[in-house]
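Biologist: I have a new structure open and would like to learn how to read it. Could you walk me through it, one feature at a time?

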Amino acid sequence: MKTLIKNGKIIKKDNHCVPAAIWIEDGIIRGIGTEFPETDFDEVIDAKEQLITPGLVDVHVHFREPGFEYKETIETGSMAAARGGFTTVCAMPNLDPVPDTPEKLAAVYEKINADASINVLQYAPITENLRSETLTDAAGMKAAGAFALTNDGVGVQTAGTMYLAMKQAAENDLALVAHTEDDSLLFGGVMHAGKKAEELGLPGILSVTEASQIARDVLLAEATGAHYHVCHVSTKESVRVIRDAKKAGIHVTAEVSPHHLLLIDEDIPADEGFWKMNPPLRGQEDREALIEGLLDGTIDCIATDHAPHGYEEKMQSFLKAPFGIVGSEYAFQLLYTHFVKTGRFTLQQLVDWMTVKPASLFGLSAGTMMVGDKADLAIFDLESAYNVDPKQFLSKGVNTPFGGWTLYGDTSYTFVNGKTVWQKGGQ
């Protein structure tokens with residue numbers, strides 16, 4: 001099968017966009033130029049002068065299957081990601097059963113292979129059942145397909161457990177990916193400890209709840225030589241600790257989520273569960289620190305933390321609703337509209353933070369667009385506006401505070417191995 005994408009444009013290293021056509025054959029990029037004879041191809045797609053990029057890479061999603069299929073499935077989650085231009089995503093292990101043995105992990109991959117429309121990589125947990133102090137078999141997990149270890153959703157509470165986990169991760173050349181949260185500092189908090197929490201009469205989550213575990217863990221990473229990756233950084237203190245650790249030569253990397261770059265706690269209009277996420281929306285100084293951390297390289301990439309929940313369970317008070325926000329279907333669009341179009345980020349920076357940077361952190365064969373690469377691509381319409389409509393989401397989750405926002409950069413096509421897995425207006 002030979003496919004031609006014509007009349008597109010791609011970003012060059014100097015941040016200029018130039019006209020381009022892409023020749024795809026048998027799922028591989030065979031040529032990138034300006035013109036190819038259309039008669040040589042079985043399929044011709046007109047990009048209509050829209051932006052062609054490598055397929056986006058998201059190292060932090062929740063697909064909820066097995067165990068919580070009413071929230072999301074591998075099928076719906078992967079389609080939602082394709083709708084957003086993602087071609088490779090990495091799914092968290094807070095499932096039921098938790099895939100904490102090679103056999104359980106293999107069973108999840110069987111479902112992925114049957115139902116996923118894009119490339120889905122599965123995390124393995126650091127400890128059995130996520131909350132125990134007993135380490136999983138890292139070597140066995142790697143053999144079963146795990147690309148990294150994480151207890152996302154749960155901070156590893158004991159320093160000794162984390163130290164041993166990092167040693168095992170380093171021995172097996174696996175990254176250890178951490179949700180950092182010291183339970184002893186939570187005090188029942190449900191949103192950021194700031195003026196809005198006081199106004200709403202809700203218990204707050206201290207910034208040090210996150211930053212103190214990062215401070216502990218970077219020293220453990222230095223002692224063990226592990227690759228330590230911090231999930232969804234949200235506070236200025238966390239950025240400072242990570243920056244200092246990188247200056248010290250410690251192998252620490254970090255991600256930030258779009259909602260933490262765009263929103264702060266004072267944006268929360270009322271005690272409404274759609275605004276409840278973990279880590280919570282922080283203060284304006286935190287938001288600025290996250291942006292600066294991205295720009296100076298302290299934070300390495302952007303990840304959505306796509307976390308769907310049932311509608312009824314999210315339509316509750318902060319005290320009762322689960323933590324989580326969906327993000328797969330509009331992440332690029334949010335950031336393009338509010339940072340690239342306003343001049344804070346360049347288009348090249350945004351694309352890099354969502355493609356080659358996350359892929360390179362974990363050694364994934366994704367995030368690039370060169371001759372010989374897999375034809376995992378996305379096409380974005382940067383000129384036309386559209387409104388975020390949760391009723392049109394492909395995800396089962398509609399838990400987002402961004403409903404009704406006007407965005408640019410909607411996804412026109414997503415290709416995996418040269419096959420169209422999303423086409424605007426075509427599904």
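Modeller: Gladly! Let us begin with the word pocket: on a grid over the protein atoms, a pocket is an open set of points with protein on both sides within 12 Å along at least five of seven lines, and its lining residues have an atom within 4 Å of a point. Please keep in mind that this is a predicted model.

Biologist: Which residues lie nearest the centre of the largest pocket?

Modeller: Those are Asn 94, Gly 153, Asn 278, His 309 and Phe 323, out of a lining of 27 residues. The volume of this largest pocket is about 580 Å³.

Biologist: How does the lining of the largest pocket divide by class?

Modeller: There are 10 nonpolar, 10 polar and seven charged residues. For the second largest pocket, the lining splits into 12 nonpolar, five polar and three charged residues.

Biologist: What else can I look up about the second largest pocket?

Modeller: Its volume is about 500 Å³. Of the 20 residues in its lining, Ile 11, Lys 12, Lys 13, Gln 348 and Met 369 lie nearest the centre. You can also ask where the lining comes from: β1 (2-11), β2 (17-25), β3 (28-33), β5 (51-54) and α12 (347-353) each supply at least two residues.

Biologist: Some of those are strands. How do β1 and β2 pair, parallel or antiparallel?

Modeller: Antiparallel, over eight bridges. To find your place, look for Gly 8, which stands opposite Ala 20 in β2. Then follow the chain through the hairpin of β1 and β2: five residues lie between the strands, and Asn 15 has a positive phi near 70°.

Biologist: And what comes of β2 and β3?

Modeller: β2 and β3 also make an antiparallel pair, with five bridges. Here Ile 22 has Ile 32 in β3 as its bridge partner. The hairpin of β2 and β3 has two residues between the strands, and Asp 26 takes a positive phi near 55°.

Biologist: Now a sheet with parallel pairing. In what order do its three strands come?

Modeller: The order is β6-β7-β8, and the sheet is open. An edge strand pairs on one side only, and here the edges are β6 (56-61) and β8 (119-122). From one strand to the next, the twist averages 20°. Strand β7 (residues 86-91) is joined to β8 by four bridges in the parallel sense, and Val 89 stands opposite Val 120 in β8.

Biologist: How should I read a cavity, as compared with a pocket?

Modeller: A pocket is open, whereas a cavity is a set of points where a 1.4 Å probe fits but cannot get out. This structure holds four cavities of 30 Å³ or more.

Biologist: Which residues line the largest cavity?

Modeller: The lining includes His 179, Glu 181, Ile 205, His 232, Asn 278 and Arg 282. You have met Asn 278 already, among the residues nearest the centre of the largest pocket. The space in the largest cavity is about 60 Å³, and its lining has three nonpolar, five polar and three charged residues.

Biologist: What about the second largest cavity?

Modeller: About 50 Å³ of space lies there. Among the residues that line it are Pro 258, His 259, Val 326, Ala 331, Leu 334 and Phe 402. By class, seven are nonpolar, three are polar and none is charged. Both α8 (258-262) and α11 supply at least two residues of this lining.

Biologist: Is α11 mostly covered or mostly open to the outside?

Modeller: Mostly covered, as nine of its 10 residues are buried. Ala 331 and Leu 334, which help to line the second largest cavity, are among those buried residues.

Biologist: Let us finish with Val 326. Where does Val 326 lie?

Modeller: In the loop between α10 (311-314) and α11 (331-340).

Biologist: Why does Val 326 count as buried?

Modeller: Buried means under 20% relative accessible area. Val 326 counts as buried because its relative accessible area is 3%. Leaving aside neighbours within four places in sequence, Val 326 is in contact with residues including His 306, Pro 308, Phe 393, Val 398 and Thr 400. Gly 33, by contrast, is 293 residues from Val 326 along the chain, and their C-alpha atoms are separated by 37 Å.

Technical notes
Residues numbered from 1 in each chain as written. Predicted model: local features only at pLDDT ≥ 70, side-chain atom pairs only at ≥ 80, totals over all residues. Heavy atoms only, no water. Pairing = 2+ DSSP bridges. Axes fitted to C-alpha atoms, helices over the stretch in contact; angles between N-to-C directions. Buried < 20%, exposed > 50% of the residue type's maximum accessible area, 1.4 Å probe, protein only. Contact = heavy atoms within 4.5 Å. 1 Å grid on protein atoms, 1.4 Å probe; cavity = no way out; pocket = protein on both sides within 12 Å on 5 of 7 lines; lining within 4 Å. Points joined across faces, edges and corners; volume = space filled by probe spheres on them. Nonpolar A, V, L, I, M, F, W, Y, C, P; charged D, E, K, R; others polar.
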